[in-house]
Amino acid sequence: MATSWRQRWLLMVLTGLRGWQLGVTEARVSTDVLLPYAEGHGPSHSHRHVRDCQAVTFGTRTFESWPSSSHDTLPVARSSVFISDMPGGAKSSRWVYGHMTVVPDPLRQLSVLEPGGPGGCEKNPRVSVEETGAAGCLYAQNAGFFNITSDGCLGNVVSDGRMVRDSGGVQNAQFGIRRDGTLVFGYLSQEDVLDQSNPFVQLVSGVVWLLRNGEVYINQSLKAECDKIVDMELFRDFVEVRSARTAVGHDVNGNVVMFHVDGQTHKRGMSLWEVADFLKNNGVINAINLDGGGSSSFVINGTLASYPTDTCKPGSRWRCARHVSTVLCVHRRRCQPADCSGHGVCTASFYGLSCAEECACEDPCACDPQTGSCNSTSNRAVQCLGRRRQKEAYRHKPYLTEQTWLIITLMLASLLLIRLLAHFLRATRRWLLFGFSYTQVPLSDVKGEALTYSFLQLH
């Protein structure tokens, strides 16, 4: 059947819109690419080389561990970052726009997400932080680097307890959270990454360890993460150039601190020296640098809150966030029910990481909070049985019947009526004896009181 002119016109419009949409998606050309390496990703030397070339004061420990906080408070994001210290010690009043997000209880409120959700790194798609973080992220920012040719995730990636990608021991700076909540920053051996005695539940790779134990660690990172003379110049430019940046660290209280600053390579933003100094001055102890340049994105409740450098299509003035790899997602506490707050012990009906698994025991009190086995003799089981006995004892205490409550209610109502009747009789007697009287109050006084009251209400 021949199509009418209206149908043909509608088909043309829909085809054009679809083509424009695909054009926008495909035309998001990465105009601000900030790369630390000319080829590949990460140094080719071993973990032993990193261990041997560090300062003697650190011994054989190539990473720092810190206990995380477990406070039951909400994450806080602060925007409008001001810096005044410039490279070389010069002073200047230069503003850059960015965000610092303080995340308490990171074990239960922070996750490393694959692009687009579970399986994203395997499928090799790059997805914007908005799309990845739309499912329940209060705050989200881009995290690890990606292969600019294949779009695949780079470095180590552990997401909510799942080993997504193993870098094979590549010595880049790492940030991770272990099962007991320990925060880890630094360089990890393959054995450290795969350790199952206290495994990582979140892990992501960056480039350059910015702060170690409260001191700037960039020069040491240059030696640890670059082993080719031909790459050193590019690597130093990566560190020193002013650009958009993304980083993650922690403070003395064990809160994770996420950092993002807008910029454009060679024009505005911050160098890694400035990022390290800023974080140090704001109480950060350990920190690593994450993917920056045009990849830097920060999202609040699913809405882009940063100013990206990539245009939506060639010649356009509209800015679009770049499709990136892994994402750091700040979400609501995953430990449910609320009895888990503060002490990290699941209630009787739940067990496992973040109390996510529900017990199948006939007697929930006997459920082990770690493994879910049904023969637990843990402190939680003892406390659970104690609370149950208290409830049962209370349940068998004598209580008032409905008839008793009705009698008490009627007696109270009668007393109230008698009191009201007495007031009425007293007022009637006064009226019969003295008649009416009134007092005139000047209107200006009433008006003055009203204005004063309104003023106090507003303040």
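## Arg333 and its salt bridge

Start with Arg333: in this predicted model, its relative accessibility is 11%, so it counts as buried. Its side chain meets that of Asp105 in a salt bridge, with N and O 2.1 Å apart. The two residues come from distant parts of the chain, 228 residues apart. Arg333 sits in the loop between E18 and strand E19 (350-351), while Asp105 belongs to the loop between strand E3 (91-103) and helix H3 (106-109). Asp105 is buried too, at a relative accessible area of 1%.

## Other salt bridges

The count for the structure comes to 10 salt bridges. One of them pairs Arg162 with Glu114, where the closest N and O atoms are 3.2 Å apart. Arg162 is in strand E7 (residues 162-165) and Glu114 is in the loop between E4 and H4, so this pair ties together parts 48 residues apart in sequence. The two ends sit in unlike surroundings: Arg162 is partly exposed at 36% relative accessibility, whereas Glu114 is buried at 3%.

Asp151 and Arg126 make another, with an N to O distance of 2.8 Å. Here the loop between E5 and E6, home of Asp151, is tied to the loop between H4 and H5, home of Arg126, and the parts are 25 residues apart in sequence. Asp151 is partly exposed at 23% relative accessibility, and Arg126 is partly exposed at 22%. Then there's a little network: Arg48, Arg51 and Asp52 are joined by salt bridges that share partners.

## Disulfides and other cysteines

The structure has 2 disulfides. In the link between Cys121 and Cys153, the sulfur atoms are 2.0 Å apart. The torsion about that S-S bond is about -90 degrees, so the disulfide is left-handed. Cys121 lies in helix H4 (residues 120-123) and Cys153 in the loop between strand E5 (139-142) and strand E6 (157-159), so the pair ties together parts 32 residues apart in sequence. Both Cys121 and Cys153 are buried.

Cys137 and Cys329 form a disulfide with their sulfur atoms 2.1 Å apart. This link is left-handed as well, with -115 degrees about the S-S bond. Cys137 is in the loop between helix H5 (129-133) and E5, and Cys329 is in strand E18 (residues 327-330), so the bond ties together parts 192 residues apart in sequence. Cys137 is buried at 5% relative accessibility, and Cys329 is buried at 1%. As for other cysteines, Cys53 is partly exposed with a relative accessible area of 35%, while Cys226 is buried at 6%.

## A five-stranded sheet

Strand E18, which holds Cys329, belongs to an open sheet of 5 strands in the order E4-E18-E5-E16-E17, with antiparallel pairing. Strand E4 (110-113) and strand E17 (303-304) are at the edges with a single partner strand each, so one side of each has no neighbour in the sheet. Within the sheet, E5 and E18 pair in the antiparallel sense over 4 bridges. Gln141 has Leu328 in E18 as its bridge partner.

## Loops worth a look

Two non-glycine residues have positive phi values. Val208 has phi near 90 degrees and is in the loop between strand E10 (200-205) and strand E11 (209-212). Val208 is buried, with a relative accessible area of 0%. Asn213, with phi near 55 degrees, is in the loop between E11 and strand E12 (215-216). Asn213 is partly exposed at 37% relative accessibility.

Further along, Thr371 is in the loop between strand E20 (357-358) and helix H10 (379-395). It is exposed, at a relative accessible area of 54%. Its C-alpha atom is 9.5 Å from that of Cys359, a residue 12 positions away along the chain.

## Helix H11 and its nonpolar patch

UniProt, in an unreviewed entry, lists residues 404-422 as "transmembrane region". In the model, that span is 100% helix and 0% strand, and its end C-alpha atoms lie 28 Å apart.

What makes up the nonpolar surface patch of about 540 Å²? Trp405, Ile408, Leu412, Leu415 and Ile418 do. Ile418 lies in helix H11 (residues 402-434) and is exposed, with a relative accessible area of 57%.

Technical notes
Residues are numbered from 1 along each chain as its sequence is written. This is a predicted model: local features need pLDDT of at least 70, side-chain atom pairs count only at pLDDT 80 or more; totals for chains, interfaces and linings use all residues. Side-chain values use heavy atoms; hydrogens and water are left out. Patches are made of residues with over 30% relative accessible area and no salt bridge: like charges are joined within 9 Å, nonpolar side chains (Val, Leu, Ile, Met, Phe, Trp, Tyr) within 5 Å. Accessible areas come from the Shrake-Rupley method with a 1.4 Å probe; for residues, only the protein chains shown count as cover. A salt bridge is a side-chain nitrogen of Lys or Arg within 4 Å of a carboxyl oxygen of Asp or Glu. Buried means under 20% relative accessible area, exposed over 50%, partly exposed in between (1.4 Å probe, protein chains only). A disulfide is a pair of cysteine sulfur atoms within 2.5 Å. UniProt positions are given in the numbering used here, feature names are shortened, and annotations may be inferred rather than shown by experiment. Two strands pair if DSSP finds at least two bridges between them.
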